[in-house]
Amino acid sequence: MKTKVLVTGGSGFVGKRLQKFKPDWIYLSSSDVDLLSYDDCLSTFKKYKPDAVIHLAARVGGIKDNSEKPAEFFHQNITMNTNVVHACYEAGVKRLLASLSTCAFPNTVEKYPFTEENIFDGPPAETNGAYGFSKRALYVHTLAYRKQYGLDYSCFCPSNLYGPEDHFDPQKSHFIPATIKKLHEAEEGSTVEIWGTGKPLRQALFIDDLCNALPHLLERHHDELPIIVAPGSQQCIHDIVTLCKDIMGKNVSLEFNGNLDGQYRKDGSNARFKELCPGFEFTPLAEGLRKTYEWYCESSK
Ligand code: NAP
């Protein structure tokens, strides 16, 4: 029998792209259901009666947004997540796959890359502490329902995502789309200011890799540990920005302003993911950036 899968956050970056890979799943936005309202959440799940829920909806933002509005990040994420997990339970949903983030992991650990077991080994980075703790609470919530009710509720943790359908507006954008937009709009020969020192390291995950991985995770990831979804390599922001510039063929100078660097590194191991999905190939960064820029040019015509 076909599994009926319902996806929250269906109008977001991940949700929109996922629709191209799994068009037969049901995608909900905030205009279909307000996940901040428990009653709305429960009646929606009861209406659709899904076999499985993929919970993507969240208050998400870049480093500036996270550091300026921690109250909103904490309140909205903790409320939505709490409502989703409990409403799944009350509506009789047997399977939940919920999105955490590598931002939920400690600011520093003794040994890198960190593994899933390290999730509680220290507080998340201060710049995204409210978001990180709300994601940890979501993880704890699924653990509790597994233990007490025997439910197949589990979590996955993507690293920094980028790709087609991403947010390029400065209010919502993360550093890769923000950089692409800035470079695209810069005049040839000009100097482009980039936030931070360029030194922090990031594992940039191409969106299509996550979209390809999700059906496998739904089928195979039934473990109580969350699973990290991240490419095997990382680059410093300076190198990622320079690669963007080269791919875009822009003749501009880059100036790193040294402000608000964020976490220095947060590279997670994909060893468990690779065990679960043998042969899975991550998109090389240059190829992912090229596809992202092509999509940006096409969609801004
Ligand atoms: P996004 O583009 O900001 O989308 C957020 C989604 O949540 C939208 O569909 C939005 O609906 C929905 N939403 C927000 N408030 C809601 C509410 N009150 N009721 C119902 N729906 C609500 O986020 P994303 O980048 O796709 O992220 C998806 C998941 O991946 C999140 O859990 C995030 O934490 C995780 N993640 C993202 C990244 C990344 O780099 N983007 C990295 C790691 C993990 P509307 O469009 O209707 O507002």
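1. The ligand in this predicted model has 28 residues around it, and the closest are Ser11, Ser30, Tyr131, His167 and Lys172. Sorted by class, that shell holds 14 nonpolar, 11 polar and 3 charged residues.

2. Some contacts to the ligand can be followed atom by atom. Ser11, one of the closest residues, has a polar side-chain atom 2.6 Å from an oxygen atom of the ligand. In Ser99, an N or O atom of the side chain is 3.3 Å from an oxygen atom of the ligand. With Leu35 the backbone is involved: one of its polar backbone atoms lies 2.9 Å from a nitrogen atom of the ligand.

3. How much of the ligand does the protein bury? The ligand taken alone exposes 910 Å², and the protein buries 87% of that. Two elements, α1 (13-21) and α5 (129-149), each give two or more residues to the shell around the ligand.

4. Helix α5 also packs against another helix. The axes of α4 and α5 come within 8 Å and cross at roughly 15°. Angles under 35 degrees count as roughly parallel, so α4 is roughly parallel to α5. The crossing of α4 with α5 is right-handed.

5. Helix α4 (residues 70-90) has a crossing with helix α2 (residues 38-48) as well; their axes come within 9 Å, at an angle of roughly 40°. Is this pair parallel or oblique? The angle makes α2 and α4 oblique to each other. Their crossing is right-handed.

6. Further along the chain, helix α8 (residues 237-248) and helix α10 (residues 285-299) form another pair. Their axes come within 10 Å and cross at roughly 55°, and α8 and α10 are therefore oblique to each other. In this pair, α8 passes α10 in a right-handed crossing.

7. Two places in the backbone deserve a look. As background, most residues other than glycine have a negative phi, and most peptide bonds are trans. Lys49 is not a glycine, yet its phi is positive, at about 45°. Where does Lys49 lie? Lys49 is in the loop between α2 and β3 (52-55).

8. The other place concerns a peptide bond. Tyr112 and Pro113 are joined by a cis peptide bond, with omega about -5°. Pro113 lies in the loop between β4 (95-99) and α5. The helix at the end of that loop, α5, is one of the elements that give two or more residues to the ligand shell.

Terms used. Residues numbered from 1 in each chain as written. Predicted model: local features only at pLDDT ≥ 70, side-chain atom pairs only at ≥ 80, totals over all residues. Heavy atoms only, no water. Near = heavy atom within 4 Å. Polar contact = N/O pair within 3.5 Å; in protein donor to acceptor, adjacent residues only side chain to side chain. Areas by Shrake-Rupley, 256 points an atom, 1.4 Å probe, with all protein chains shown as cover. Helix = DSSP H or I, 4+ residues; strand = E, 2+ residues; numbered from the N terminus. Nonpolar A, V, L, I, M, F, W, Y, C, P; charged D, E, K, R; others polar. Axes fitted to C-alpha atoms, helices over the stretch in contact; angles between N-to-C directions. Parallel < 35°, antiparallel > 145°, perpendicular 65-115°, else oblique. Left-handed = near helix turned anticlockwise from the far one by under 90°.
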